[in-house]
Every structure is written in C-alpha cells, then in structure tokens.
Amino acid sequence: MVNEKMRELGARRSVIRELFEYGKVRRAEIGAENVFDFSLGNPSVEAPSSVNRELKRLIDSESSILLHGYTSAQGDASVRGAVADYINRTQGEEINADCLYMTVGAAAALTCTLTALVQEGEEVIVPSPYFPEYKVFVERCGAKIVEVPCKREDFQLDVEAIRKAVNDKTAAIIINSPNNPTGTVFSEESICSLADMLREKAWELGHPIYIIADEPYRELVYDGARVPYITKYYDDTVVSYSFSKSLSLPGERIGYALVCPRAKDFVAVYQAICGAGRALGYVCAPSLLQKLLPRVLGEVSDIGVYDKNRRLLLEKLTEYGIECVKPEGAFYLFIKSPSGDSAEFCERAKRFEILLVPSDDFGCGGYARLAYCVKTEEIERALPAFKALAESYRQ
Ligand code: PLP
C-alpha cells in the first residue's frame, strides 16, 4: 500500500512551488515582462567564472573513471581535507577531514543530521519564521517541530522563550542565519546567550541538546555583517552548509554536514550521520562537484547585484509606505502586510502581478517574503506595481 504521508507530501506542492507554477502560467498569458515573480530563492547571478573554467579543466585533465566514480560515502578524503583547511583558515577552527560528511546540498545535510540526532517522539525547536522544509524533515523522523517566535522588533532569537520551550524531549534546535525568510543575521550576543542557556539546560536534563546551524547563506551578507561561526560558541553543534547560493549552483547539489570536533559524543554523532546517509540511500555526494571544490573554495558569486536590489527595494517600498525588515543577509525581504493578514496581502499583490510568498507557511503570520535574487531591471519594472499596491490600501 502507498505510504499515505508520503503521497500527501508529493501531491501537495509547497506554497512557494505553487506560486512559481502560477507565475509560469501568467507569463504565458500576459508576457514575461508583465509578471513580477519574487517567489523562488533561485540565484540569478552567474556562478563565478572559475566554476565553469575549473569544471572544464577537470573534465579535460582527469581520468573519467576517477571523476565520475563513487567516492567514499562520507566524501573524497582530499576534498574533505581541503574544505577543513579552508574552514580553519577562515573561521579559526581546528577541524579535520573526519569532521566533514559531504552531502547533496544543505537539504541532505539537514535530513542526515536530523535522522542521526532525533528519535521518534522527540522535539526539535525552530525559531520562527523558518524555512518550511524543516517541518517536513523533522516530521519524517517521527518527531515534532516546536515553533518559538523570534522577537518581533528585530527578528533576533528570543532566548527566554526558547528556554521555556526546552524540555526532556528536546533533541535539537535548528538555527538559520542569515535567515530565510527575514534576512536577519543572528547577533553574537544572541548566539552567546542561546549557547549559555542550552549548556545549562543540557546539564540539568542530563542529555545533549544539539544546535543544527543551517548556513546556506553564510557568504551572502551586506554592510560588513558578521555571521558568528556556531561551533566557536557551542560544542554540540552540527553545521549544515551548501554551495547552492554562494556559488549559484543550486541544481548541482553539493554541501556538507560538519560535526564540531569538541561535540561530547563526536564519534557517535559522526557515525550516525554516515549511517543516516546510508539509510537514506545517498551513497555519496556528486563526485564531479566534490572534486571541483578544492579549486574554487573562497569564491563567491557577485553578491553586489543582490545588495543593489536590497537597497533599491528597501528605499522604494519604505517610500511607498510599506514596512520591511531590513535584511543583513541572504536574498529575501520580509514585508509587513498593511492589513496584518499575509494571505490577503499576497492575494492583493497578485492583482498587480506581483508574486510574494505569504509568511504563514514560514510559521509566522502578517508578512510576505520577497526573493530579490532577480535581475535589477525586474525590480525596476515592478516598482510602479508596488506603488499601486501600497496605494490600494489607502483608498
Ligand atoms: N536551508 C535553507 C534555509 C534554505 O533556504 C535552503 C534552500 O533554499 C536549504 C536549506 C536547502 O539548500 P540546498 O539547495 O543546498 O539543499
């Protein structure tokens, strides 16, 4: 018999995908230039030129047996070594290749880590708003997601509220900074106080509470914002990382899970992540993409375009009287619904051919998410529609 939970997941598209499909239909009906689609977090900036150049060099110079063959399940040892050296150099960490497990993007890093650390009946805390797939990944483990709202004034972590949500069933907390959907970078102060609180609670409860630091947007920061490296603050941490956004390679599927070398049960955690990858049938991360990494580590797509978009939108929407959360990172703008109702706001925006994602799916009402990883001309073209949308609330 078909697994009903899986059937439901497959039959019901996410709100974001639904909007994206709607956008396709609308583009065919009224012309692509008349639809302002800000639904999907798909990078619009080209991968750095070194990516294609080094891929070509690899293909031309290496044996195809080596290039396209299976790697070790946890990833090629020399690739993991190069990634570890890079992290040590840039974050002042002291990790080695054996802290890293290469994955099929951040989504696989998350599913492997959650499968490794979370048992049936346990709970995973997620500060809201949050990336909606967390719920799917956590529930697949037979666990429950516990949403704890971030502070409304700045969307920073509300550590006191998180403390109240911790109980003997709490296995982990997922934090995502720079954040999808708010663009917030969690401050060092909030990370320190989260780490202190979790250490205290873990000691009191007599079991570890893991931080899963989901960081696909680490390099996408503006105005010099600094993203604290979580292992430096809390030992029982697993970092979920992806090159999808920093190298504009979301379809190629490459990332990693990193276990902090100082995690109390380091060996068991790392083995459980390898076991989860095996149970989930990942076999190994794409070999060609793994082998590309040592040649392009430290390269980042031109985020100047995102920064320009961010500034333009913030300035213009504020001028039109639409309130936004000022993003410090990622490529999302979190816009407050003038009516207080996110679904109403996004439905109304559709009348002006603007596609925004209602915030309810991110576990937070009253806002809409705008993905500004588009060409700047698209934003410029959409500005009159935003103006008209804002004015429609004043009529
Ligand atoms: N985590 C967050 C917060 C994301 O926004 C995304 C993708 O948009 C992912 C994880 C998944 O990333 P990947 O494409 O590397 O699987």
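How many bridges join β7 to strand β8, and in which sense do they run? This is a predicted model, and in it 5 bridges join the two strands, which run antiparallel. Strand β8 covers residues 255-259. One of the facing pairs is Ser240 and Ala257, with Ala257 in β8.

Now the other neighbour. Strand β6, residues 210-214, pairs with β7 in the parallel sense, over 4 bridges. Here Ile212 stands opposite Val238 of β7.

Staying with β7, residues 237-242: 6 of its 6 residues are buried, so the strand is largely enclosed by the rest of the structure. Thr237, Val239 and Tyr241 point one way from the strand. Val238, Ser240 and Ser242 point the other way, and residues on both sides are buried.

Next, the nonpolar cores. As background, nonpolar side chains in soluble globular proteins tend to be buried together. The largest nonpolar core in this model has 86 residues. Those with the most contacts inside it are Leu114, Ile175, Leu194, Leu198, Ile211, Tyr256 and Ile273. Domain 1, which is 4-48 plus 301-392, and domain 2, which is 50-296, both give residues to this core, so the core lies between them.

Take Ile273 from that list. Setting aside neighbours within four places in sequence, Ile273 is in contact with Val238, Ala257 and Val259. Val238 is the residue of β7 that Ile212 stands opposite, and Ala257 is the β8 residue opposite Ser240. Ile273 is also in contact with Tyr101, Cys112, Thr113 and Ala116.

Finally, there is a second, separate core of 38 residues. Among its members are Tyr306, Phe345, Ala349 and Ala368.

Notes
Residues numbered from 1 in each chain as written. Predicted model: local features only at pLDDT ≥ 70, side-chain atom pairs only at ≥ 80, totals over all residues. Heavy atoms only, no water. Core = buried A, V, L, I, M, F, W, Y, C linked by side-chain atoms within 4.5 Å. Buried < 20%, exposed > 50% of the residue type's maximum accessible area, 1.4 Å probe, protein only. Domains from an automatic or database assignment. Contact = heavy atoms within 4.5 Å. Pairing = 2+ DSSP bridges.
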